[in-house]
Amino acid sequence: MIDISKIPSPCYVMEERLLRKNLQLIKSVKERAGVNIILAFKAFAMWRAFPIVREYIPYSTASSVAEAQLAFEEMGSHAHTYAPSYTDYDFPTFLKYSSHITFNSLSQFHRFYPQIIVSGRDIKCGIRINPEFSVVETDLYNPSMPGSRLGVTAKNMGERLPEGISGLHLHNLCENNSFDLEKTLKAVEEKFGHFLSEIEWLNLGGGHLMTHKDYDVEHLIKLIIGFKRKYPNLEIIMEPGSAFAWETGVLVADVADIVENEGVLTAMLNVSFSCHMPDCLEMPYKPRIRGAYHDPVAGKPTYRMGGNSCLSGDFMGEWSFDKPLQVGDKIIFEDMIHYTIVKTTMFNGVSHPSIGLWTLDNQFKLYRKFGYEDYKNRMS
């Protein structure tokens with residue numbers, strides 16, 4: 001357990017013990033199911049922790065030239081790359097750092113495949129397919145919503161794959177379970193089944209929350225093994241992000257002030273929902289706060305949490321506590337390592353929280369502290 005008294009505020013802190021617990025489970029699934037599981041940087045890119053990750057999982061997936069280069073430099077391997085679109089400017093960099101390149105459209109494949117041929121590199125090419133099936137309720141996170149710009153539908157794919165395509169890629173889940181994956185595979189077989197015996201690999205994308213306490217890992221393994229029996233020619237790839245860092249750490253903040261208006265108490269913090277916890281406002285979802293009641297309790301001190309940016313909507317609420325909050329009290333937001341950190345901004349010049357690791361020997365290792373130069377250098 002993290003000793004909060006040793007943590008600077010504000011700070012994202014990942015607990016090494018919990019990270020390793022997740023990694024052990026993911027590696028077990030990989031080995032038992034005979035599937036290649038790789039890390040999606042879009043959810044977790046804390047590269048100073050990659051030496052730990054590499055002990056269990058050596059490969060990663062990228063969606064930008066920066067992520068592809070990070071894979072090569074810090075994971076020590078070429079990336080499985082998919083980007084919604086490539087340009088003449090950035091494609092040579094993708095070529096340099098990728099082992100697989102998946103295209104979002106047939107037109108992009110035809111445009112850039114000649115560069116792969118000329119490069120002489122053994123890069124495996126894929127097309128992203130859209131199974132037009134999803135269980136994701138929030139459109140912001142639903143890749144298979146009607147009219148989606150992501151992936152080729154069966155109607156637009158045609159009966160034959162272009163020469164040079166060795167695999168298919170899909171992604172329609174968002175922190176879902178193995179039963180949702182099972183439904184997805186049925187949809188893929190119905191619409192793209194005639195390709196499955198012709199290709200070498202099938203990438204099932206992300207959204208597989210296998211480290212969640214309620215996830216049925218045994219069902220997942222059985223499902224993958226059964227699918228591989230039907231298509232023994234296929235290498236199955238999965239690229240979860242959240243599952244790697246799920247419930248591995250916190251965001252530590254301080255109460256800077258208490259504001260009262262029309263009977264509403266707001267605890268003003270030294271962190272921002274808009275800048276440091278954007279998913280809370282986008283999804284939206286209400287994060288858990290350690291030691292607080294998630295829903296208001298009659299008769300107990302109850303507060304909104306207010307961020308420190310000037311955005312009027314930079315707040316959430318309400319949580320109840322056993323005793324009134326005071327300036328200087330610690331507020332600990334649970335489960336803030338996956339997606340949260342990679343989506344942060346420096347809007348308003350608000351300082352970015354530090355990032356660190358609570359090690360197995362119960363020491364705090366500061367990975368990075370941010371300051372004025374970080375903000376200034378991002379602006380120009």
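A search of the whole structure, which is a predicted model, turns up zero disulfides. Cys11 is in no such bond, and the nearest cysteine sulfur, belonging to Cys275, sits 17 Å away. With a relative accessibility of 0%, Cys11 counts as buried. Cys280 tells a similar story: its closest cysteine sulfur is also found in Cys275, but at 13 Å that is too far for a bond. For a pair to count as a disulfide, the two sulfur atoms would have to be within 2.5 Å. Cys280 is buried as well, at 1% relative accessibility.

Now for the overall picture. The protein contains twelve helices and 17 strands. Its radius of gyration is 22 Å, which agrees with the value near 21 Å that a compact globule of 380 residues would have. Along the principal axes, the C-alpha atoms fill a box of roughly 65 × 45 × 45 Å. Buried residues account for 52% of the 380. The chain also brings together residues that are well separated in sequence: of the contacts between residues at least 6 apart, 69% join residues at least 24 apart.

As for the surface, about 17400 Å² is accessible, and carbon and sulfur atoms own 51% of that. The charged side chains number 39 positive and 45 negative, and the centres of the two sets are 4 Å apart.

Some individual residues are worth a look, starting with Glu247. This residue is in the loop that runs between helix H9 (242–245) and strand S11 (249–261). Its phi is near 55°, a positive value in a residue other than glycine. At a relative accessible area of 42%, Glu247 is partly exposed. Setting aside residues up to four places away in sequence, Glu247 touches Leu18, Arg288, Asp335 and His338. Met14 lies 233 residues from Glu247 along the chain, yet the C-alpha atoms of the two are separated by 9.0 Å.

Glu175 is another non-glycine residue with a positive phi, again near 55°. Its place is in the loop between strand S8 (165–169) and helix H7 (178–196), and with 35% relative accessible area Glu175 is partly exposed.

Ile225, by contrast, belongs to a helix, H8 (residues 217–230). Its relative accessibility of 26% makes Ile225 partly exposed. Apart from neighbours within four places in sequence, Ile225 is in contact with Arg32 and Ala33. The C-alpha atoms of Ile225 and Thr344 are separated by 38 Å, with their positions 119 residues apart along the chain.

Ser272 is buried, with a relative accessible area of 0%. The loop holding Ser272 links strand S12 (264–269) and helix H10 (273–276). Among residues beyond four places away in sequence, Ser272 touches Met277, Gly307, Asn308, Ser309 and Asp314.

Finally, there are cis peptide bonds to mention. One joins Met283 and Pro284, with omega at about -15°; Pro284 lies in the loop between helix H11 (278–282) and strand S13 (302–306). The bond from Gly317 to Glu318 is cis too, with omega near 10°, and Glu318 is part of strand S14 (residues 315–320).

Note on methods: Residues numbered from 1 in each chain as written. Predicted model: local features only at pLDDT ≥ 70, side-chain atom pairs only at ≥ 80, totals over all residues. Heavy atoms only, no water. Helix = DSSP H or I, 4+ residues; strand = E, 2+ residues; numbered from the N terminus. Rg over C-alpha atoms; globule rule 2.2 N^0.38 Å. Buried < 20%, exposed > 50% of the residue type's maximum accessible area, 1.4 Å probe, protein only. Contact = heavy atoms within 4.5 Å. Areas by Shrake-Rupley, 256 points an atom, 1.4 Å probe, with all protein chains shown as cover. Lys, Arg positive; Asp, Glu negative; His and termini not counted. Charge placed at Lys NZ, Arg CZ, Asp CG, Glu CD.
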